[in-house]
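Work through these exercises with the structure open. Try each task before you read its solution.

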Amino acid sequence: MTKYMDVHYGMTGITAEQLKAAHNADLAIEKEERVHFERAWADPASGTVYCLSEAPSAEAVQRIHERTGHPASEIHPVPLTV
């Protein structure tokens, strides 16, 4: 499994409650694609949201996000961490 960092744009003004709700929506169905969403971060001022996950593919990550109503603008593999 590979780690992925995905980026969402256009979520200006997102609140902590909205971020948690979006993350929980992903968690509720993540197993259907063998994805695990580890953490999410947001910058309400710029409207940028980042999600870190572990998944078999970027496509699996995107399918979960699409089904929960917030498709990712970008998905990047993260092959190296320290």
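The exercises below deal with a predicted model.

**Exercise 1. The chain pattern**

Task: State how many helices and strands the chain has, and in which pattern they follow each other.

Solution:
- Count the elements. The chain has two helices and four strands.
- Now read along the sequence. The pattern is β-α-β-β-α-β.
- Check the overall build. The radius of gyration is 12 Å, close to the 12 Å from the globule rule for 82 residues, so the chain is as compact as a globular protein of that length.

**Exercise 2. The sheet**

Task: Give the order of the strands in the sheet, and find the edge strands.

Solution:
- Start with the order. The open sheet runs E2-E3-E1-E4, with antiparallel pairing.
- Look at the ends. Strand E2 (36–43) and strand E4 (74–77) each pair on one side only, which makes them the edge strands.
- Add the twist. On average, neighbouring strands are turned by 20° against each other, direction ignored.
- Zoom in on one pair. Strand E1 (residues 2–8) meets E4 in the antiparallel sense over four bridges. Here Tyr4 stands opposite Pro77 in E4.

**Exercise 3. The helices on the sheet**

Task: Find which strands helix H1 lies across, and which strands helix H2 touches.

Solution:
- Take H1, residues 16–29. This helix lies across E2 and strand E3 (48–55), and runs at about 160° to E2.
- Take H2, residues 58–67. This helix packs on the sheet and touches E1, E2, E3 and E4. The direction of H2 makes about 45° with that of E1.

**Exercise 4. The salt bridges**

Task: Locate the three salt bridges. Then decide for Glu32 and Glu33: buried or exposed?

Solution:
- Recall the principle. Side chains of opposite charge can pair when their charged atoms come close.
- One pair is Lys3 with Glu38, with the closest N and O atoms 2.5 Å apart. Lys3 sits in strand E1 and Glu38 in strand E2, 35 residues apart.
- Another pair is Arg67 with Glu32, at 2.7 Å from N to O. Arg67 belongs to helix H2, while Glu32 lies in the loop between H1 and E2.
- The remaining pair is Arg63 with Glu33, at 2.9 Å from N to O. Arg63 is in helix H2, and Glu33 is in the loop between H1 and E2.
- Apply the cut-offs: buried means under 20% relative accessible area, exposed over 50%. Glu32 has 53%, so Glu32 is exposed. Glu33 has 17%, so Glu33 is buried.

Conventions
Residues numbered from 1 in each chain as written. Predicted model: local features only at pLDDT ≥ 70, side-chain atom pairs only at ≥ 80, totals over all residues. Heavy atoms only, no water. Pairing = 2+ DSSP bridges. Axes fitted to C-alpha atoms, helices over the stretch in contact; angles between N-to-C directions. Contact = heavy atoms within 4.5 Å. Rg over C-alpha atoms; globule rule 2.2 N^0.38 Å. Salt bridge = Lys/Arg side-chain N within 4 Å of Asp/Glu carboxyl O. Buried < 20%, exposed > 50% of the residue type's maximum accessible area, 1.4 Å probe, protein only.
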